[in-house]
Amino acid sequence: MKKLLTAAAAGAALFTATLVANAHDYKAGDLEIVHPLARATPPGAPVSGGYMTLRNTGGEADRLIGGSADFAGKVEIHEMAMDGDVMKMRQLANGLEIPPGGEVVLKPGGYHVMFMQMKEQLQPETSRKATLVFEKAGEVEVDFSVVTPDKLKMDMQH
């Protein structure tokens with residue numbers, strides 16, 4: 001009986017881990033990191049973008065303050081916004097606040113993770129590990145699915 005219960009528990013744990021991996025979502029404390037994507041790059045491209053939805057189910061704000069990735073020399077949090085007729089991009093020096101009970105969508109043309117000083121090309125239909133750093137939730141390792149710009153646009157609409 002004990003062996004049967006142990007096997008059942010192991011099977012349930014494997015099933016749950018598979019569901020979480022397939023869902024492509026991550027949880028760190030009160031934060032949920034939903035469906036991280038990275039833009040595929042042509043050979044020699046110096047930058048790429050990372051996109052996802054960040055949900056805060058807690059009662060206190062948290063803040064995405066940075067990150068790291070083996071494939072990039074630098075990882076920053078950026079915002080694109082219109083300044084008159086000109087689209088401008090800037091680093092968010094204090095990071096990006098995720099309000100309590102709210103969510104922030106990182107998407108092309110808005111907030112995003114900026115992978116800079118790329119060390120290699122990001123190929124479509126692969127995944128790449130990166131670490132996101134939050135003020136309260138700490139470091140969270142996630143897999144970014146690498147997608148073409150067309151696929152990125154379709155995925156972000158859903």
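The accessible surface of the protein comes to about 9,200 Å², and 55% of that area belongs to carbon and sulfur atoms, the areas being obtained by the Shrake-Rupley method with a 1.4 Å probe, where for residues only the protein chains shown count as cover. This is a predicted model, in which local features need pLDDT of at least 70 and side-chain atom pairs count only at pLDDT 80 or more, while totals for chains, interfaces and linings use all residues. Residues are numbered from 1 along each chain as its sequence is written, and side-chain values use heavy atoms, with hydrogens and water left out.

Of the 158 residues in the protein, 36% are buried, a word that stands for under 20% relative accessible area, just as exposed stands for over 50% and partly exposed for what lies in between (1.4 Å probe, protein chains only).

The secondary structure consists of two helices and eleven strands, which are DSSP runs numbered from the N terminus (helices: H or I, at least four residues; strands: E, at least two). Followed along the sequence, these elements give the pattern α-β-β-β-β-β-β-β-β-β-β-β-α. Among contacts with a separation of 6 or more, 66% are between residues 24 or more positions apart, a contact meaning heavy atoms within 4.5 Å.

Two residues deserve a look for their backbone angles. His 35, in strand β2 (residues 31-39), has a phi near 50°, a positive value in a residue other than glycine, and is partly exposed, with a relative accessible area of 32%. Gln 117, which is found in strand β9 (residues 111-118), has a phi near 55°, again positive in a residue other than glycine. Most residues other than glycine have a negative phi.
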